[in-house]
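The following paragraphs lead a new reader through selected parts of one structure. Please keep the sequence and the model in view while reading.

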Amino acid sequence: MKALVYHGNKDVRVEDVNQPQLKDELVKLKIDYCGICATDMEEYYYGPKYISHDTPHPISGKKTPLIVGHEATGTVVEVGKNVTDIIVGTRVVFNGILSCEECYFCDRGLTNQCPQAVIIAFGDDGAMAEYAVWKGSEVIPLPDNVTSIEAALAEPAAVAHHAVAKSNFSEGDSIAILGCGTVGLLALQIAKAKGAKVYAIDKRLESLKMARKLGANAVIDANLDMEKRKGQLMELTGGIGPDVVIDAAGGRDTPVEAVDLVRTGGTVVLVAVYTAKPEFDFNEIMFREVNVVGSLGYQRSDVESVVSLISQKKIKTDMLVSQIIGIDQVVDVGYGKMLSGSKDFFRILVSPSQ
Ligand SMILES: [Zn+2]
Ligand SMILES: [Zn+2]
């Protein structure tokens, strides 16, 4: 079968590889769509950072070359002997973080922090391939009214869902979102669906347009200088500032800006991966009693929640699909576009058997 394989820094290749082997506790999926995400680009351009490269993953025993792709949806084509509750033909999404279920962190429900976790496409083969296998108990069936294209964004939506949940906001609170790429725009919709007032901040005109379409209460152009954008946000929030700021931009200065923008006693959620290390005055946090929380990945319940939100038509993930390509185009067109610096698109999906 064809698969996109990660070999090392700036080295991914579409290759013919063996189909993955079904084991008793696994299901085999024909992959319908797999998205290309900024994390893939990080790993391609700056990595290997998070992928098991020098030493094999302690649980899976796997290391590079590994198949890329962690944002996928597929149809079950074969079921292992020990999988009793999933039948052939079921369309599913992945819980792509397999935690050990017995450590200190798993015991406390922090499965995304499990030090033993096997993460799809980082500690084991991913799903940018015609077929993939995964633990039968860790795929989540899709309701009939959720299309496979909509479901292809369940993973970034789960990341956004986790971040919104981390903010602990109450209905009617205001949430400002810094950075309206795919995760930011999904967070916007989820926050909105859960009763928040949402303000979207970005430099890209396309993002602001999309934010408006997806229900933002107001949008703020990040090309304005800091005083102006802060002024707009203050005006929108009655001079108080937003209750929550989610940094989905991950810029050099955006976490500092997030703390500056949030109201006194408010919450900042960091859901981006940072490459820069800005200087920061912690008095900003102490004096105004700001809560700063990190949000890493997602838990199984986040995936289940977003599948349900898509099914109830409360979030529109398909509006963020900008292009669908075949696997032969993934490096030239997919990676090419993602690395081009052009930011006038959202998700590119790959249909691996196309
Ligand atoms: Zn991703
Ligand atoms: Zn664990």
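**A guided reading of the model**

Val5 stands opposite Ile67 in strand 4. The model in which this pair is seen is a predicted one. The two residues belong to a pairing between strand 1 (residues 2-8) and strand 4, which runs in the antiparallel sense over two bridges. In general, the strands of a sheet pair through backbone hydrogen bonds, either parallel or antiparallel.

This pairing is part of an open sheet of three strands, arranged in the order 2-1-4 with antiparallel pairing. Strand 2 (11-16) and strand 4 (66-67) are the edge strands, each of which pairs on one side only.

Helix 1 (residues 38-45) may be considered next. Its buried residues are Asp40, Glu43 and Tyr44. These residues lie on the same side of helix 1, because they cover an arc of only 100° around the axis. A general rule helps in reading such a pattern: an α-helix has 3.6 residues a turn, so residues three or four places apart point the same way. As for their surroundings, the buried residues of helix 1 pack against strand 1 and strand 2, and also against strand 3 (26-36) and helix 11 (330-339).

A further region is built around strand 15 (residues 267-270). In general, the side chains of a regular strand alternate between the two faces of the sheet. In strand 15, Thr267 and Val269 point one way, while Val268 and Leu270 point the other way, and all are buried. The chain reaches strand 15 from strand 14 by crossing through helix 8 (residues 254-261), and this β-α-β crossover is right-handed.

Strand 15 has pairing partners that can be traced through Leu270. Strand 14 (residues 244-247) pairs with strand 15 in the parallel sense over four bridges, and here Asp247 stands opposite Leu270. Strand 16 (residues 291-294) likewise pairs with strand 15 in the parallel sense, over four bridges; in this pairing Leu270 stands opposite Gly294.

The last stop is Arg252, in the loop between strand 14 and helix 8. Is Arg252 buried or exposed? Arg252 counts as partly exposed because it has 13 C-beta neighbours inside 10 Å, whereas a residue needs 20 or more to be buried and 12 or fewer to be exposed. When neighbours within four places in sequence are left aside, Arg252 is in contact with Ala276 and Pro278. Arg252 and Ala276 are 24 residues apart in sequence, yet their C-alpha atoms are 5.3 Å apart in space.

Technical notes:
Residues numbered from 1 in each chain as written. Chains lettered and ligands numbered in written order. Predicted model: local features only at pLDDT ≥ 70, side-chain atom pairs only at ≥ 80, totals over all residues. Pairing = 2+ DSSP bridges. Right-handed = clockwise from strand over helix to strand, strands pointing away. Contact = placed C-beta atoms within 7 Å. Arc of directions from axis to C-beta.
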